[in-house]
Amino acid sequence: MSRLAILGLAARVRRQEILRGVDLEVGSGEVHALMGPNGSGKSTLAHVLAGRPGYEVTAGSVTVDGVDLLELPTWRRAQAGLLLTHQYPVEVPGVRLVDLLEAALAARELPAGALDRLGERVAAEAERLGMPAELLARGVNVEFSGGEQKRAETLQLAVLAPAFAVLDEIDSGLDVDALRTVGARIGALVAETGLGVLAITHYARLLSVLRPDRVHVLLAGRVVRSGGPELADEVERIGYERLAAELGVELAVPPPPPERDPFADPGF
Amino acid sequence: MNDGGDGEQARALGGPDWLVARREAAAGRLAEIAWPTPAEEIWRYSRIDELDVGRYRPFTAAELGAPGRDDAPGGGVLAAEAGPRAGLVVVRDGRVVHTELRPDLSAAGALTCDVATCADHRHAERWFGTLADASPDPFTVLHDAWCPGGAFIHVPAGVVVTEPIVVLHWCDGDGRASFPHTLVVLEDGAGATVVERFASPKVDHLADVVVECVVGEGAHLRYLSVQEHGPATWSIALQRAHLGPYARLSSSAVALGGAYARLRTEARLDGPGAESDLLAVYFGDGDQMLDFRTLQDHAAPRTRSDLLFKGAVEDHAASVYSGLVRLRPGAQRAEAGQTNRNLVLTEGAHAESIPNLEIEANDVRCSHASAVGPVDEDQRYYLESRGIPPAEAERLVVLGFFEDVFARLPVPALVGPLRRAVHEKVGHLHRSGSRPPGGARAAAGPAPGATGGGGRG
C-alpha cells in the first residue's frame, strides 16, 4: 500500500504563478480524476510532478511513501514510482518502444531476468491494446496517430508498472473504441497491480470507462471542490464557468504576458 | 615528398608501364603545385593550414615489398565482422598484400587483384585514374606520384555478386604517408557489394586515398566505406563514381576516426536514368575534424540522386559538410535531394553545414535541407520521464538519430558492430562535463528541423 501526497503545491512557469496550492492524496488501487478547464493548471501539475525543466516549484511538497519527489531529477521520480503519460508524446526517431523500455528497466535495480523476453511482453501488450505490430518496429511515436500514441503511452505504463500514474489527458485524440480499450487496460492495472491513478482530464467521458473513486475540480491553480463520481456528472451538467461563479473563484489563471523580445526596438 | 623527386621512385614502385608513366607524369607536376589554404572555398573551414605535407615520408619500394607478395591471409577480425563474403583484398600502406575470390565468381570472370600485378590489365589500364583526373586536386596529384598500385575489383557484364567483397586497408608508420587506391569496375548489368575499411594505429600518418567506381549500364553497385583511423592520422580521400545509363549506386560512408579526415564523395550521373544514393554517418570527438565535400553531378536526363549525411560532434570536435548538387544543361527531368543534419552535443564542439545548388536545366526537381543543433530537449525529457538516466537518454536519442542511415547500409552484418562503435563514442559524452546551451548552436545552417528551399527550378 503506497501513498502519493501532494501538499500545498505552488509552481511558476516563466515567472507566472500557475499552481497556487494544490492538495491531493492518492492511495494504491485508487482512481482520482482531476478535472478542469483550459488554463486551470492541469498540465502544469502533470509536468511539475514529473520534474520538467522550466517549471519552478515555489511551495509545497510531493511525496511517495514519504520520499520527497521534488528533490529528485525527472528520471529518479519515475524510478520512485510516479510515471507520467504525456498528453503530447514526442517522436523519438530510431528509438523503438522496446529500446525505450529496455533502457528504463535496465536503469532500475531489478532482479536478474527482469528483462527476459521483453520483446514478447511488449508484443503481447501491444496486441492487448490493439496496436498494430508494425508500430513496434518504428521509432516511438513516429507518425503515430493520436490514438496510437495513447495506446503506446498505456503500453509503457503496463510494462513499467509504477506505483502511481499521472495520466495527462490520455483521452484526448482517442475515438470511442480506443478510449474503451485504454480505459479498460488501465482499469485492469488498478485492479490487478494496485496502480494508483491521477487522471487529468477535460471531459467526463474518460470517467465512463475508468470509474473514479474521487473527483477533484481544479480552477485557477487550486483544487476548489472534491467529491465522489457524481461530481464529474455535475461538472458536465453545469460547466466550469457556472461552477466558478457559484464558488466565487476565478476560472483560469490569466495567460502569461508575452516574453519580452530582447532584440525588440527598445523604444528610445 | 612533395618536391616531385627524380622519377626514381616511379620506377622502383613497380607495376605495368602505364602505371609507372602515370607516376612519372604526376611527379613532374608536383613541383609546380600550389598547396591549398583555407582561403580557397573548397578548403574553407578545413584544417589544411595545419598540414605540412613535407613532414611525411612515403614508403620505399623495399619497405612496401614487391607487388604480388601475398603475406597477409585472412583479414582478421575486420574481415570476419562483415559476415559471409565473396572476396577479400588486404592492403597494407597502399600495397595489396592479399587477394581472394570465390572460385565460382572467378570462373564467371570476376576478378579481385592488385592493379600493379593483375593479369587482366585491359580494364585496369582503361579506367585507373580517369575518375580522379576528372576531379583533381593537389592530393590526387600527390597520390598519383606515389601510388604503388591498389585494389582492383572487376565484375564482368551480367555477373551479379551477392555477398560483399571486402577490402581492408591498414595504414601504419609514424611520420609516414601512404597512398591507398581502389578501382571498382562493374560492367553492364553487373552487380556487387564492396565494403572498404580504413584503419590505422595511433600514429601521425597521412593517408592520401583515391577510390574510383565505374558503374556500367544497368549495373548496381552497393558500396560502404568505414573509416576508423587512429586519433593522430590524417586522411584525405576522394571517392568518385561515374554512372552509365540506368546504373545505380548505393554508396555509404561511416567516418569515426582520424585527427583530420576529409572525404570528397562525388557521383557523376553520365547516363540517362542513372540513380545515386549517398549516405553517411559520422561522429567526431576529442579534437578531431571530419570534413565532407559532396558532389551530385547530373549530366544526363531523368537522372535521380539523393543524399543523406548525418553527423554528431562532441568535446572539441568539428565537422564540415559542404555539398553541391549540380544539374547540367542536359539533365532535364532530373531529381535531386540533399539533406545534412548535425547534432552538436557539447559546448566546445562545432558543425558547419553548407548545402549548395547549381541548376542549369529548367525542368528539374530539387530539394535540400540542413540542420545544426543540440539534442532535442523534449525528446530527452520524454525518455527521462520513463526513468531513463540523462546520459542514457542522450545516448538513445543520438543512436536513434543515426538509425535511418544504419538501416539503409548495404551490409547488415556490419550494422551491429558499427552501431556499437558509435555507442561507445557517445558513451564518452559526459567526460568533458560541458553541456551545450539550451538554444540551437546554428552555425551556417538554419535551426534544427528547418528545411530549406525546394520546388521546381
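Here are some questions and answers about a predicted model of two protein chains, A and B.

Me: How many residues does each chain bring to the contact between chain A and chain B?
Reply: Let's take the two sides in turn. Chain B gives 18 residues to the contact. On the other side, the number from chain A is 29 residues.

Me: How much area do chain A and chain B bury between them?
Reply: The size of an interface is often given as the accessible area lost when the parts come together. Here, carbon and sulfur atoms account for 67% of the buried area. The total for chain A and chain B is about 1,900 Å².

Me: Which three residues supply more of the area that chain A buries against chain B than any other three?
Reply: Together, this trio provides 26% of the area that chain A buries against chain B. You can look for them in chain A: they are W75(A), H86(A) and V90(A).

Me: Which residue of chain A meets D378(B) in a salt bridge?
Reply: Between chain A and chain B, the count is two salt bridges. In the one with D378(B), the N to O distance is 2.8 Å, and a salt bridge needs the two atoms within 4 Å, so this pair qualifies. The partner of D378(B) is R52(A).

Me: How many nonpolar residues are on the side of chain A that touches chain B?
Reply: Polar contacts link 11 residue pairs between chain A and chain B, both residues at pLDDT 80 or more. Sorted by class, the side of chain A that touches chain B has three charged and nine polar residues. The nonpolar count on that side is 17.

Me: Is L327(B) buried or exposed?
Reply: You will find L327(B) in strand 18 of chain B, which covers residues 318–327. Away from its neighbours within four places in sequence, its contacts include H298(B), A334(B) and C366(B). Its relative accessible area is 0%, and the cut-off for buried is under 20%, so L327(B) is buried.

Me: What separates the C-alpha atoms of L327(B) and A361(B)?
Reply: Along the chain, L327(B) and A361(B) are 34 residues apart. A361(B) is also one of the residues in contact with L327(B). Their C-alpha atoms are separated by 6.2 Å.

Me: Why does S61(A) count as partly exposed?
Reply: S61(A) sits in strand 4 of chain A, residues 55–64. Leaving aside neighbours within four places in sequence, S61(A) touches A5(A), I6(A), L7(A) and L70(A). Partly exposed lies between the cut-offs of 20% and 50%, and S61(A) falls there because its relative accessibility is 24%.

Notes
Residues numbered from 1 in each chain as written. Chains lettered and ligands numbered in written order. Predicted model: local features only at pLDDT ≥ 70, side-chain atom pairs only at ≥ 80, totals over all residues. Heavy atoms only, no water. Contact = heavy atoms within 4.5 Å. Buried area = accessible area lost by both parts, 1.4 Å probe. Salt bridge = Lys/Arg side-chain N within 4 Å of Asp/Glu carboxyl O. Polar contact = N/O pair within 3.5 Å; in protein donor to acceptor, adjacent residues only side chain to side chain. Nonpolar A, V, L, I, M, F, W, Y, C, P; charged D, E, K, R; others polar. Helix = DSSP H or I, 4+ residues; strand = E, 2+ residues; numbered from the N terminus. Buried < 20%, exposed > 50% of the residue type's maximum accessible area, 1.4 Å probe, protein only.
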